[in-house]
Amino acid sequence: TLVRTVTNPSTLYIAGAPATGGNVTVTNPYALWVDAGNTRLDGNLAVQGGNIEITNTTGSQTLTDGPLTNGTVSWDETFGFTFSAGTAVYAHHASAGTLTQLEATLATAWVGGAWYKFTYDVSSVTGDADANIPTSVATSVVDLTITNGTGRISYFKTVADPGNFIINATSTSGGFTLDNLSITRVLGVIS
């Protein structure tokens, strides 16, 4: 009996979006377009090498002073985090650093078990620093993208009683700068 292994079997495979060629210009190249109606996926959804964009679905701002203009008025920082010129700067420290907004100072109270969209800007990245939103807030650790760029987005589902909003940072060298933090509740889209 000959045994064969198929690594990535699928019923439908789309190699890519249509490309411009010859005398045809493609304005909006979509590999798959569902123009109307519901789309149902009963299994897991794996997104590799791309982003998921959800538009016009967020609620009120959860954070107080997301632009970090008032620093320590709304935020607490420890072990490597400091405030400088309206930003939160993390520099390597032997202990894990934390940037925290106390639950009592949130602009809008958390809803336990709800989905949230966290957007943030990252700059001045050096070394190997990592950052995340811990399981005291989210149902699983949310690793943040710590590369220079604006409008970084992470989605997370809150635990039953999230309490304070926390960003943890660790490194063996270097650091990064955070700015323009925003958390809004995702309304009725992700489950």
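This is a short walk through a predicted model, one selection at a time.

**Start with the whole chain**

Show the protein as a cartoon. You'll find eleven strands and zero helices, so to speak a run of β after β: the pattern along the sequence reads β-β-β-β-β-β-β-β-β-β-β. Of the 191 residues, 31% are buried. Switch to a surface and you're looking at about 12,000 Å² of exposed area, with carbon and sulfur atoms supplying 50% of it.

**Colour by confidence**

The mean pLDDT is 86, and 88% of the residues reach 70 or more. Select residues 165-170, strand E10: confidence is highest here, at 96. Now jump to residues 58-61, strand E1, where confidence is lowest, at a mean of 78.

**Pick out a sheet**

Next, select E2, E5, E10, E7 and E8. In the order E2-E5-E10-E7-E8, these five strands form an open sheet with antiparallel pairing. Which strands sit at the edges? They are E2 (76-78) and E8 (142-143), each pairing on one side only. Zoom in on the E8 end: E7 (residues 130-133) pairs with E8 over two bridges, in the antiparallel sense. Click Ile 133 and then Val 142 in E8, and you have two bridge partners.

**Go inside**

Time to look at the largest nonpolar core, which has 30 residues. Show side chains for Phe 118, Phe 156, Phe 165, Phe 176, Leu 178 and Leu 181; these touch the most other members. Several strands feed this core: E4 (87-91), E6 (115-127), E7, E10 and E11 (174-186) each supply at least two residues.

Stay on Phe 165 for a moment. Leaving aside residues up to four places away in sequence, what does Phe 165 touch? Its contacts include Leu 63, Trp 75, Leu 99, Trp 110, Phe 118, Ile 133, Val 137 and Ile 183. Thr 100 and Gln 101 are also among them. Across the protein, 71% of the contacts between residues at least 6 apart in sequence join residues at least 24 apart.

**Finish with the rings**

The structure holds eleven aromatic pairs. For one of them, select Trp 110 and Tyr 116: this pair is edge-to-face, 5.0 Å centre to centre, with 85 degrees between the planes. Are these two residues buried or exposed? Both Trp 110 and Tyr 116 are buried.

Now widen the selection to Trp 75, Trp 110, Tyr 116, Phe 118, Tyr 120, Phe 156 and Phe 165, which form one aromatic cluster. You've met Phe 118, Phe 156 and Phe 165 already, among the core residues that touch the most other members.

Note on methods: Residues are numbered from 1 along each chain as its sequence is written. This is a predicted model: local features need pLDDT of at least 70, side-chain atom pairs count only at pLDDT 80 or more; totals for chains, interfaces and linings use all residues. Side-chain values use heavy atoms; hydrogens and water are left out. Rings of Phe, Tyr and Trp (its six-membered ring) pair if their centres lie within 6.5 Å; planes under 30 degrees apart count as stacked, over 60 as edge-to-face and the rest as tilted. Buried means under 20% relative accessible area, exposed over 50%, partly exposed in between (1.4 Å probe, protein chains only). pLDDT is the predictor's confidence in each residue, from 0 to 100. Helices (H or I, at least four residues) and strands (E, at least two) are DSSP runs, numbered from the N terminus. Two strands pair if DSSP finds at least two bridges between them. Contact means heavy atoms within 4.5 Å. Accessible areas come from the Shrake-Rupley method with a 1.4 Å probe; for residues, only the protein chains shown count as cover. A nonpolar core is a set of buried Ala, Val, Leu, Ile, Met, Phe, Trp, Tyr and Cys residues joined through side-chain atoms within 4.5 Å.
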